[in-house]
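Please open the model in your viewer and keep the selection panel at hand. The tour moves from one selection to the next and says what is there at each stop.

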Amino acid sequence: MKNYHQPSGLDSGLDFLISTDWTPEQAWAVVELLDDLRDKILRHYLVPIQELLREELGMTGDLQEALSNLDDLDF
């Protein structure tokens with residue numbers, strides 16, 4: 001079994017299995033749920049996330065424009 005790099009950087013932990021017999025409708029419902037979760041997290045934590053990114057990336061200025069593109073990401 002091939003190990004895939006996770007965006008979180010984690011390389012150990014509990015396996016998360018996804019059913020291979022979902023209907024397209026069920027799979028889409030999960031995608032929509034994840035999008036809603038991302039939106040709610042960003043609505044609450046956007047400013048702290050921006051500050052964290054500035055610190056970690058050594059950036060100055062407003063990251064609002066760069067972070068506004070997060071809505072365009074597909075999951």
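Select leucine 37 to begin, which is found in helix H1; helices here are DSSP runs of H or I with at least four residues, strands are runs of E with at least two, and both are numbered from the N terminus. Leucine 37 counts as partly exposed at 47% relative accessibility, where buried means under 20% relative accessible area, exposed means over 50% and partly exposed lies in between, with a 1.4 Å probe and protein chains only. This is a predicted model, in which local features need pLDDT of at least 70 and side-chain atom pairs count only at pLDDT 80 or more, while totals for chains, interfaces and linings use all residues. Residues are numbered from 1 along each chain as its sequence is written, and side-chain values use heavy atoms, with hydrogens and water left out.

Add Phe16, Ile18, Trp22, Val30, Leu34, Ile41 and Tyr45 to the selection, and together with Leu37 they form a nonpolar patch on the surface with about 800 Å² of accessible area. Patches consist of residues with over 30% relative accessible area and no salt bridge, like charges being joined within 9 Å and nonpolar side chains (Val, Leu, Ile, Met, Phe, Trp, Tyr) within 5 Å; accessible areas come from the Shrake-Rupley method with a 1.4 Å probe, and for residues only the protein chains shown count as cover.

From this patch, pick out tryptophan 22, which lies in the segment before H1 and is partly exposed, with a relative accessible area of 36%. Leaving aside neighbours within four places in sequence, tryptophan 22 is in contact (heavy atoms within 4.5 Å) with Ala27 and Val30.

Which residues of H1 are buried? They are Val31, Asp35, Arg38, Leu42 and Gln50, and arginine 38 makes a good next selection. Arginine 38 has 13% relative accessibility and forms a salt bridge (a side-chain nitrogen of Lys or Arg within 4 Å of a carboxyl oxygen of Asp or Glu) with aspartate 35, the closest N and O atoms being 3.8 Å apart. These two residues are three apart in helix H1 (residues 24–57), so about one helical turn separates them. Arginine 38 also forms a salt bridge with aspartate 39, with closest N and O atoms 3.5 Å apart, and aspartate 39 counts as partly exposed at 25% relative accessibility. Through shared partners, these salt bridges join Asp35, Arg38 and Asp39 into one network.

Move on to tyrosine 45, where H1 bends by about 75°, with proline 48 following within four residues; the bend is the angle between axes fitted to the seven residues ending at a residue and the seven starting there. Finally, select glycine 58, which follows H1 and has a positive phi, near 65°.
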